[in-house]
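The following note is offered to a colleague who is meeting this structure for the first time. Its points move from the whole chain to single residues.

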Amino acid sequence: MYTRRIFPVRGVIRWTRRYIFLFLFLGLVPVVLFDVVGLKWLHVPWLPLGALATAVAFIVGFKNNASYDRLWEARKIWGGIVNASRSWTIMVKDFITNDHAQKTRTEVELQGIKRELVHRHVAWLTALRYQLRKDKPWEMHLKEKKSNKEFREAHYRVCEDELSIENEIKPYLPDEDYKAIFSKGNQASQILGIQSRRLKELMVDGLIEDFRHMEMANMLVEFYTLQGKSERIKNFPYPRQFATLNYLFVWIFIILLPFGIMEGFETIGDHILEDLASHESRTSFGHMVQEFIAKHFVWFSIPFSALISWVFHTMEAIGENTENPFEGGPNDVPITDMSRGIEIDIRQLIDDTDIPEPYVWKNDIVM
């Protein structure tokens with residue numbers, strides 16, 4: 001997640017510079033054929049190209065809107081995880097007492113149980129964020145594209161790529177639980193299962209009575225629901241048929257665009273020549289410069305076609321790099337930072353010790 005008010009234009013230019021050079025080249029080739037070689041018939045009527053541009057704009061807009069919906073839904077899910085985590089911790093703090101206990105526990109023992117449940121919840125947050133950061137086939141462009149790879153290495157860090165899940169979870173779980181969750185496939189689900197079993201043991205021991213057990217079990221159900229919603233977004237991509245055709249249509253428009261605007265610039269040059277014909281002095285330096293520009297005005301179509309191509313391509317690329325909100329990109333929902341914030345918050349609620357510091361991010365990109 002980028003946190004500055006305005007995304008730096010220099011960063012966008014740097015990210016797309018290879019395509020800018022490509023668009024300039026694509027604009028140069030038809031102009032050379034048109035003006036230098038003399039193939040004056042080499043152009044595309046603007047009317048059908050304008051219709052194509054309108055269709056492409058609608059398609060790109062639809063994709064960007066769908067990508068934003070996926071991003072915003074992911075943010076709402078993790079906002080729910082934040083709220084539910086605080087609620088869970090308050091229940092752990094206030095519900096676990098000696099009021100109905102078969103065997104009275106000391107305050108130190110009760111604090112140890114509360115700490116165990118909260119730490120296990122932090123382990124669930126850690127396991128979930130690692131699962132959501134795993135690469136999917138449709139997400140590999142973030143690491144394979146050279147421009148994305150360079151931007152990633154230079155501007156931000158992804159903790160899940162630097163630190164192993166085993167080392168990150170180990171401090172929060174007993175050895176028995178640690179071995180159990182890594183012997184199964186979905187570590188986050190297994191942790192919630194262990195949490196549920198532990199609640200049952202506490203109810204049997206009388207440390208929580210039936211009503212409190214039911215309320216805390218409902219919170220675990222809520223965590224399962226939020227986890228499932230996150231996994232739904234992670235495991236179901238933006239439909240690839242839409243994404244592929246969108247990409248294809250954008251490039252068809254970009255390739256045809258230089259052929260469509262050359263004739264318009266040539267016409268402007270002809271109008272300038274007509275105006276110059278009425279000048280009294282045709283031998284002055286200024287007149288000759290204007291005449292030269294007018295005769296070759298079609299060359300101004302190169303930067304304009306490159307600019308229009310850059311706008312369409314960049315909007316398409318923004319949608320592509322936003323559609324997967326957990327893939328480890330700069331536009332992601334900052335689940336790593338949110339997990340650390342939740343951990344600090346809930347561990348402070350139970351007066352825990354050795355609480356970690358917030359992550360320090362660079363270049364205003366929070367992950």
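1. The radius of gyration of the chain is 30 Å, whereas a compact globule of 367 residues would have one near 21 Å. The model is a predicted one, and its C-alpha trace spans about 110 × 35 × 30 Å along the principal axes.

2. As to secondary structure, the chain holds 14 helices and zero strands. Read from the N terminus, the order of elements is therefore α-α-α-α-α-α-α-α-α-α-α-α-α-α.

3. Burial and contacts may be considered next. Of the 367 residues, 45% count as buried. The chain exposes about 19,100 Å², and carbon and sulfur atoms supply 61% of that area. Among contacts with a separation of 6 or more, 81% are between residues 24 or more positions apart.

4. Which residues have the most contacts inside the largest nonpolar core? They are Trp-78, Trp-88, Ile-96 and Trp-124, in a core of 52 residues. Two or more residues of this core come from each of α2 (46-95), α3, α7 (165-169), α8 (175-182), α9 (187-204), α10 (210-235) and α14 (335-349). The largest share, 12 residues, is given by α3. In soluble globular proteins, nonpolar side chains tend to be buried together.

5. Ile-96 deserves a closer look. Apart from neighbours within four places in sequence, Ile-96 is in contact with Met-91, Leu-110, Ile-113, Lys-114, Leu-117, Leu-202, Leu-207 and Ile-208. A second core, separate from the largest one, has 15 residues, including Val-60, Val-250, Phe-253 and Ala-306.

6. Helix α3 covers residues 107-133. How many of its 27 residues are buried? The number is 20, so α3 is mostly covered. Its length is also in order: at 1.5 Å a residue, the 27 residues should span 39 Å, and the end C-alpha atoms are indeed 39 Å apart.

7. Gln-131 is found in this same helix, α3. Is Gln-131 buried or exposed? Gln-131 counts as buried because its relative accessible area is 13%, which is under the 20% limit. The side chains of Gln-131 and Asn-186 are joined by a polar contact of 3.2 Å. Beyond its neighbours within four places in sequence, Gln-131 is in contact with Asn-186, Gln-187, Ala-188, Gln-227, Glu-231 and Lys-234.

8. Pro-330 lies in the loop between α13 (301-320) and α14. Although placed in a loop, Pro-330 counts as buried, since its relative accessibility is 15%. Its C-alpha atom is separated by 24 Å from that of Val-122, a residue 208 residues apart from it along the chain.

9. Two aspartates in the segment after α14 call for comment: Asp-351 and Asp-354. Phi of Asp-351 is positive, near 55 degrees, in a residue other than glycine. Asp-354 likewise has a positive phi, of about 55 degrees, and is not a glycine. Why do they count as exposed? Asp-351 is exposed because its relative accessible area is 62%, and Asp-354 because its own is 70%; the limit for this class is over 50%.

How values were computed:
Residues are numbered from 1 along each chain as its sequence is written. This is a predicted model: local features need pLDDT of at least 70, side-chain atom pairs count only at pLDDT 80 or more; totals for chains, interfaces and linings use all residues. Side-chain values use heavy atoms; hydrogens and water are left out. Helices (H or I, at least four residues) and strands (E, at least two) are DSSP runs, numbered from the N terminus. Buried means under 20% relative accessible area, exposed over 50%, partly exposed in between (1.4 Å probe, protein chains only). A polar contact is a pair of N or O atoms within 3.5 Å; within protein, one must be able to donate a hydrogen and the other to accept it, and residues adjacent in sequence count only if both atoms are side-chain atoms. Contact means heavy atoms within 4.5 Å. A nonpolar core is a set of buried Ala, Val, Leu, Ile, Met, Phe, Trp, Tyr and Cys residues joined through side-chain atoms within 4.5 Å. The expected span of a helix is 1.5 Å times one less than its number of residues. The radius of gyration is taken over C-alpha atoms; the globule rule is 2.2 Å times the number of residues to the power 0.38. Accessible areas come from the Shrake-Rupley method with a 1.4 Å probe; for residues, only the protein chains shown count as cover.
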